[in-house]
Amino acid sequence: MDFFMASLPTILSATTLSAVPILLAALGELFSERAGLVNIGLEGIMAVGAFVAFAVGKMTGNLWLGLVAAMAAGVLVNMIYGLCTVTLCCDQVVCGMAINILAPALALFGYNLFVGSNSANATGSLMPHIQIPLLSQIPLLGDPVFGQQLLAYLAFILVPLIGYFFRNFRGGLSFRSVGENPQAAETLGINVVRIKYAACVACGVLAGAGGAFLSICTTPIYIDGIVMGRGFIALATVIFGRWSALGIMAASLLFGFFDGLNVALQAQFNASPVMFFKMIPYAFTIVALVFFGSRRAGPKANGQPYYRESR
Amino acid sequence: MSNSKFNKNVTRRSAMGLCLGAASIALAGCGGSPSSDAGGSSSGSAKRKVAMIMSGTITDGGWDQGHYESLKKAIESHDGWEMLEPKENTADADAATAAQSYVDQDVDLIVGNGNQFASDWAEVVASAIEDHPNVHFLITNTDPKSEMADYANLDNVETVLPDFTQTGALAGVVAGLMTATKSIGFIGGMKLPSTEAKYAAYLAAAQKVNPGVTGQYNFEAGFTDASLGTKLTENWINSNNVDVMWGDASAVDNGSRQALAAAGADTHFDIAQPIDIVGDDQPTVITSTVTNWKIDQAMDEIEKGSFGKGNTIVANMDNGGVALGKFSDKVPQDIQAKIGEYADQIKAGSFLTDAEIDAIKKTL
Amino acid sequence: MARKLDAQESRERTLMILTPVVSVLLALIIGAVIIAALGKSPLQGYAAMLQGSLGTPAKLAKTLERACPLIFTGLCAVFAYKCGVFNLGGEGQFIMGGCVCASTIFGLHLSGPAGLVLGLVAGIVAGGVWGLLPGVLKITRGLNEMITTIMFNYIAMYFMEFVFKNLYSDNGLPKTVAVPDSSRLPGVLGTHVGVVLAILLAIFLWYLIFRTSFGFKIRAVGMNPVASKVSGFPVRRLVLLTFIMSGAIAGMGGAVELMGKTPYRLADGFGSGFGFDGVAIALIAQLNPIAALFVAILFGVLSTGGTMMQSVIGVPTAIVDIIRGLIIIFAIAGMAFIKLPQIKSFIESRLTGGAGKGAPADTPKKTEVEA
């Protein structure tokens, strides 16, 4: 318990640091799945986002440009997925897998060209932390919650906005009807294909931003394998969060907490076999799904191709 | 019959591909020219060739970059040699094939960056002795006694082993003299005997110059997850008051520096490894322990014909294999002078006793 | 009518075989464009690729050896997907196969044929168990196996670290001691007998899936679980069995890789990436075990030959990965496209009576892809 109390502040700040990229990608996935598209290519999109944000940020010296470029690149990559799944009605899992193999290779190739043997290009810069006056002085929670980078604040601000969008906006409701029953949606005059492409754009933007967070907010470098399975964790948080923005935020924070716990254990119990600590976030994900991953939740037409002809 | 159709298909799709390619090339054009300095095919003369195979990239800020810079230095001092484009991102499953591909090209020297190659190359090396006797293998960070039992014949193989005790002691002296909180940390990528040896000497040396110093360590941080470095270091700063870090884990060290900088670069310091990166863009780095992998010596031996027999090239302070890099101005002059005195003792082998190091090793 | 249906069917089959071939060619051409854009010679590169992977019997043997684990993980995916189980955990099951095989041999101090046989069995069992876990979670809690299997991959990876760093470490190095000489898979024609095992397994699975009533049930569940349940098939049991068998195939692959290939040890990177490659192989092979065999060998060629190409012309490693990714995308997009306007082209072929127009039907794809 001593260990836990002593480590708590660090665990909490690690929580938000770990949670934000997962949160962003998972929110993207939320759009996708709400429109009936299971996109397991998040991992690949994040890799591209991380590289492009790093490279453009380094080149222009403006990290926000890097972020925007990462979002655009995320959309570009996800359009391959959209094209295959929406227009060609390919299997969604299959396309996602293909993206996961292709996209990191593109990112690595870009890295080879951009950095090559020029080590001066290998390190970029990071977004500054912004301490919100007074609030960041709150003991324990102050710094982790109110001492983050702007992109992290934006991610958390997005949560209620997206939740509100899906609940109250016409567009959000269209999304939901496409995910629940595309045939019925079509008869109501909703352009299913357009909604699905819109979902792909949103997913690409957010997953690209999630990847960008890794290379412009966490560490100022890009390295092959930087995403480290976060895209897959994001997929799990969507299920765990029961397809609601708020639930997803809670799930990614909980995941972040366990990741922080893993690091704290690694830091304090040096001599023990630390690989078992490293398992914690993944094992926790499974346990969480066992208890909270309902089998009937989620959009009904999720994962199914939509053939317009079969109306 | 359908060829023309396919061609049409090709042009349109490849146009898409071209756009992507062109975009990334444009990126590169702005950023810096891709590495074309290698493999100079213009020199028609029979230069000897050297190839390097690595798991990461030559700009990883650590392990592989250190090897690449050692290789560049060796090439600069050896006119009769040229290097091929280094082979980056080599997966373990392809490590043997990668070596074989250079054997097939009759490359004179193949350098493998790290002992992971020692276990993968046994077959390739064995067959090369017969088919390509002029091909030599240099595997770094490998102890032939304990790690090359799979090799039937070591006639064309040598290894490089830096003097880990010297490296660790140099870093430890700096850390011990610079820490204000008597608390230092170390992150290693992989739990190797060399990692433990380095850390043991590091802590022993720090305690010798500053009694009562305590150490935190992690030997299994890997070489890629930079955010792990940030979080680990942050934890140590908060829980253990660590104010000096030394790293041996490439990208993870970079993450560690972010945490140090966030805690205040005037009071929290990093000792870099294995390349000299002191500079304005690294506010926390006060000095570096630099390793030169002595590829130049291997080249000399090949020229003289004395290379092989499973010999080990020891890289130490005597032959420039191990050294401290530049100091940043955060290290006061008097401390720099003291470090210099201790460094002389370390070089002479009179600084740390084996017992002192073993005492630390026992606690790991 | 019947004759036309046959024609339609054979045309479709031709297309299904043609599509992956065209995809490979396309991906290679794009690869060539990239290589040329880097100022290197694609012809020289591809020549080196072929020479390096198939040029001599010894190189061919190495290519087969490289393809061997991919055959296993590919078959693992094929079998699972036939039953509608999206097992993305081939890598974890492969790794656990290797881990338990190693633990059995080193833990019981086995050597000789006993070590070989028990090690192989242990690997198969371990893979099966590692496949069973997500299966149970799916059946009892309805958890999506795509996510659980990936999580189990990570757990297996860290467990393997424990095995090679803490349990059977070689002198404190991060690798296990080597499998004793007498327990290694015997060599055959420059490669190891595991390759033969893999090929036999592919043939066996083809027979099992397409020629037995068990295989029929598996396929029926994969196509329509609800209808299968109505027909009285024990759907849950079949799904669970599929998880186990698919895991066991991958686990066997892990044991074979450990006992068949240098360095005969577990170490960092063992099995890394094989699971997802296996998934890609299964999909390009359109879930046909025999086709998976050939696609896996193609992947082997790309790996060994690609390595050769990189070192000869000096291009980044990522190019081969890009080519691989493109092959997958082109193949699945192409095949989906062929299936997509099935009805349309069927009617068209009936109206015009134009069977045998294989290639033209292929062309609209391109406009579609760009749309």
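These legends accompany three close-up views of a predicted model.

**View 1. The side of chain C that touches chain A.**
Here 40 residues of chain C are in contact with 39 residues of chain A. On the chain C side, at least two residues each come from α5 (112-141), α6 (145-167), α11 (274-284), α13 (318-339) and α16 (364-370). Helix α13(C) gives the largest share, with 13 residues. By residue type, this side of chain C has 30 nonpolar, 5 polar and 5 charged residues.

**View 2. The side of chain B that touches chain A.**
In this contact, 39 residues belong to chain B and 41 residues to chain A. The elements of chain B that each supply at least two residues of its side are α1 (3-31), β7 (214-218), α9 (226-240) and α10 (251-263). The largest share of this side, 11 residues, is from α9(B). Sorted by type, the residues of chain B that touch chain A are 13 nonpolar, 19 polar and 7 charged.

**View 3. The hairpin of β1(C) and β2(C).**
Strand β1 of chain C covers residues 169-170, and strand β2 of chain C covers residues 173-176. The two strands pair in the antiparallel sense, over 2 bridges. In one of the pairings, C:Ser169 has C:Thr176 of β2(C) as its bridge partner. Between the strands of this hairpin there are 2 residues. Within the hairpin, C:Asn171 takes a positive phi near 55°.

Key: Residues are numbered from 1 along each chain as its sequence is written. Chains are lettered from A and ligands numbered from 1 in the order in which they are written. This is a predicted model: local features need pLDDT of at least 70, side-chain atom pairs count only at pLDDT 80 or more; totals for chains, interfaces and linings use all residues. Two residues are in contact if their C-beta atoms, placed from the backbone, lie within 7 Å. Helices (H or I, at least four residues) and strands (E, at least two) are DSSP runs, numbered from the N terminus. Ala, Val, Leu, Ile, Met, Phe, Trp, Tyr, Cys and Pro count as nonpolar, Asp, Glu, Lys and Arg as charged, and the others, Gly among them, as polar. Two strands pair if DSSP finds at least two bridges between them.
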